[in-house]
Amino acid sequence: MSNYHIKHLEEYYQVYRKSIREPENFWEEVAEEHFVWRKKWDHVLSWDFTKPEVKWFEGAKLNITENCIDRHLATRGDKTAILFEPNNPDEPSEHITYSELYKRVNQFANVLKAQGIQKGDRVCIYVPMIPELAISLLACARIGAIHSVVFAGFSSTALATRINDSDCKMVITADGSYRGAKSIDLKGIVDEALDQCPGVKRVLVTKRTNSEVTMKEGRDLWLQPLLDAASTDCKAEIMDAEDPLFILYTSGSTGLPKGMVHTTAGYMVYTAYTFKNVFQYRENDVYWCTADIGWITGHSYIVYGPLANGATTVMFEGVPSYPDFGRFWEIVEKHKVTQFYTAPTAIRALAKQGVELVEKYNLSSLKVLGSVGEPINEEAWHWYNDVVGKNKSPIVDSWWQTETGGIMITPIPYVTPTKPTYATLPFIGIQPVLMDEHGSELKGNQVEGRLCIKFPWPSIARTIWGNHERYRETYFSAYENKYFTGDGALRDEVGYYRITGRVDDVIIVSGHNLGTAPIEDAINEHPAVAESAIVGFPHDIKGSALYGYVTLKDTGESRDQNNLRKEINQLISDKIGPIAKLDKIQFTQGLPKTRSGKIMRRILRKIASKDTSNLGDTSTLLNPEVVQDIMDNAL
Ligand code: WT7
């Protein structure tokens, strides 16, 4: 028996050791006992981090939807698979059973086929948090199409970039979306994007807001009539273990977003196994992850991981503040949620509201509280633990990335003793190492360095769509034979890890991963702007917020600064999305640069954080005089 469900600390260590000593045997047992395969693998793992190349379960044949849906029908057909909670609390929630999910996914898959989508085609999904979103991912997977979900808060330009990068043939969208008191014209955004996307031949539109939209003749079709006419059975396409399942974009420090490619078998095995253990999921639990399916958290821990375990997974359309800041807790009470997984930024926003809004509701169903997306600060950790968890629901501070596909460093609840702000121990099969700047591994405990992983795990991304060299360069070139995460971390005296934050030019704002370069590119498009630099600074709710230093052209200097600030933020909103707007914009005479012309962000970061007592080594600065000027005018 493989240890699919770990129940105490000794067992964790025992299983962990086995997973490290005999990784192939370990993962083979998990794969063998807990999934359905059309054909078993010929070989469990082959890998070479220098190329880099990683293959798990090579030769195996399967379809992930048979694992997430079909195999549950006999025992869990009437069990709720997806529990949809709408934005408006007066609208009824929807319980989609496994049998209904089967029918709806199959109908959708048949529609995709009828519209010309074949195995390997890319389909862009730009849909809000309604059941059709989860169903469209699964429908793609059913027929072997590669889904590329774009978070429905991204702008038309960001959407177009992603559609074109992976050459999507089709876009699935909705007429509009609800977010709290607002509604958003999604179809209008898609129309704007598609002016720049000649490859898209078909747009399927689902109805949510019943708002007025324009349907382009020959390109756009309403989804519902097609679904109604489609058969509820669709044979699952038999996929190879290493066939791509999806592409999901994440920001990089430079240039275009990176289309991370995840493949089928390894991703399925790892997300299912982590879901079971990290949330200690038991039959009849009601699990709720508040993320959007537009991010990796939603892919792995709203859709694939939970469904592969036959779980009930809640999908919430709304926001934590609507109709008031008690909404999350109202939903926990209403559906008797047992596992609740959210982001530190939400916890901090809710903690600001005072305890009455929490205490109003009965939260006694909760057994596990999860945190993800950014480091959780001490204060937020205690509030979550004490006020929400009443000191009886362990907090799982789970560290991972879009690139890792699944949770990597985390406590296992009721197994690993938690420690505030620590992600604690590596998950089964994960071999983290800390490296110093010179490329040597820091051995032993009580060390701090750059976090790398030295052995492959089943759900590691296999490449960047269309740019394998960038994949190698970004993740495998900094340290020989290691995957470099981009994060810093420390290991305490007992071997617990604490993630200290990004060490590259990625800034995490409210749990959203933002690269500085695309934001700077957007600002620089403003006709009055000469150049700009973005850094992060501490913010009590967002974790980090964005501070922009902007140098104007001569022609811009006479302009009203507040108007310029508005225009710059509007431009960012249009090019990327409102999440990338700057909190502060300082106009400067110049930017501090090295002799080779590189902007010294380190100094700008210190000024933005009001930490100017020691600016560090400034001897390589070409223009030290601008630093004083920037400090004098700092916001
Ligand atoms: C970056 C990845 C995968 C979850 C959603 C974000 C940061 C994530 C934690 C945590 C400290 C965390 C890291 C990581 N991060 N979880 N528990 N503690 N930092 O996915 O957008 O790919 O961002 O989020 O900096 O590298 P992502």
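This tour moves through a predicted model, stop by stop, and states at each one what to select.

**Stop 1: the annotated N-terminal span**

Begin by selecting residues 12-68. An unreviewed UniProt entry lists this span as "domain: Acetyl-coenzyme A synthetase N-terminal". Its composition is 47% helix and 25% strand, and the C-alpha atoms at its two ends lie 26 Å apart.

Next, select Lys 51 and Pro 52. The peptide bond joining Lys 51 to Pro 52 is cis, with omega near -20°. Pro 52 belongs to the loop between strand E1 (43-48) and strand E2 (53-58).

**Stop 2: helices H2 and H10**

Display helix H2 (residues 23-34) together with helix H10 (residues 265-278). Their axes come within 11 Å and cross at roughly 85°. Because an angle from 65 to 115 degrees counts as roughly perpendicular, H2 and H10 are described as roughly perpendicular to each other. To view the contact, show the side chains of Trp 27, Val 30, Ala 31 and His 34 on H2, and those of Val 269, Ala 272 and Tyr 273 on H10. By class, the contact of H2 with H10 comprises six nonpolar residues, one polar residue and no charged residues.

**Stop 3: the seven-stranded sheet**

Which strands make up the seven-stranded open sheet, and in what order? Select E5-E4-E17-E16-E18-E19-E20, which is the order across the sheet; the pairing is mixed. Strand E5 (94-97) and strand E20 (395-397) stand at the edges with a single partner strand each, so one side of each has no neighbour in the sheet. From one strand to the next, the twist averages 20°.

Within this sheet, focus on strand E4 (residues 80-85) and strand E17 (residues 312-316), which pair in the parallel sense over four bridges. Phe 84 has Met 315 of E17 as its bridge partner. Helix H11 packs on the sheet, where H11 touches E4, strand E16 (286-289), E17 and strand E18 (339-342). The direction of H11 makes about 165° with that of E16.

**Stop 4: two loops with backbone exceptions**

Most residues other than glycine have a negative phi, and most peptide bonds are trans. Two sites to select here depart from that pattern.

The first site is Tyr 322 and Pro 323, where the peptide bond from Tyr 322 to Pro 323 is cis, with omega near -5°. Pro 323 is placed in the loop between E17 and helix H12 (327-335). The other site is Lys 336, a residue other than glycine with a positive phi, near 50°. Lys 336 sits in the loop between H12 and E18.

**Stop 5: helices H13 and H15**

Select helix H13 (residues 344-351) and helix H15 (residues 378-388). The two axes come within 10 Å and cross at roughly 75°, and H13 and H15 are therefore roughly perpendicular to each other. On the H13 side, the contact is made by Pro 344, Ile 347, Arg 348 and Ala 351; on the H15 side, by Ala 380, Trp 383 and Tyr 384. The residues of the contact of H13 with H15 divide into six nonpolar, no polar and one charged.

**Stop 6: the eight-stranded sheet**

Now select the eight strands of another open sheet, in the order E12-E11-E8-E6-E7-E14-E15-E23, again with mixed pairing. Its edge strands are strand E12 (220-222) and strand E23 (463-464), each of which pairs on one side only. Inside the sheet, five bridges join strand E8 (residues 170-174) to strand E11 (residues 202-206), and E8 and E11 run parallel. To locate one of these pairings, pick Met 170, whose bridge partner in E11 is Arg 202.

**Stop 7: the ligand shell**

Finish by selecting the ligand and the 22 residues around it. Which residues come nearest to the ligand? Trp 399, Gln 401, Thr 402, Ile 499 and Asn 513 do. Helix H11 (296-308), strand E24 (483-491) and strand E25 (497-502) each supply at least two residues of the shell. E24 contributes the most, with three residues. Coloured by class, the residues of the shell divide into nine nonpolar, nine polar and four charged.

Notes
Residues are numbered from 1 along each chain as its sequence is written. This is a predicted model: local features need pLDDT of at least 70, side-chain atom pairs count only at pLDDT 80 or more; totals for chains, interfaces and linings use all residues. UniProt positions are given in the numbering used here, feature names are shortened, and annotations may be inferred rather than shown by experiment. A residue is near a molecule or strand if its C-beta atom, placed from the backbone, lies within 6 Å of it. Ala, Val, Leu, Ile, Met, Phe, Trp, Tyr, Cys and Pro count as nonpolar, Asp, Glu, Lys and Arg as charged, and the others, Gly among them, as polar. Axes are lines fitted to C-alpha atoms, for helices over the stretch in contact, and angles run from 0 to 180 degrees between N-to-C directions. Angles under 35 degrees count as roughly parallel, over 145 as roughly antiparallel, 65 to 115 as roughly perpendicular and the rest as oblique. Two residues are in contact if their C-beta atoms, placed from the backbone, lie within 7 Å. Two strands pair if DSSP finds at least two bridges between them.
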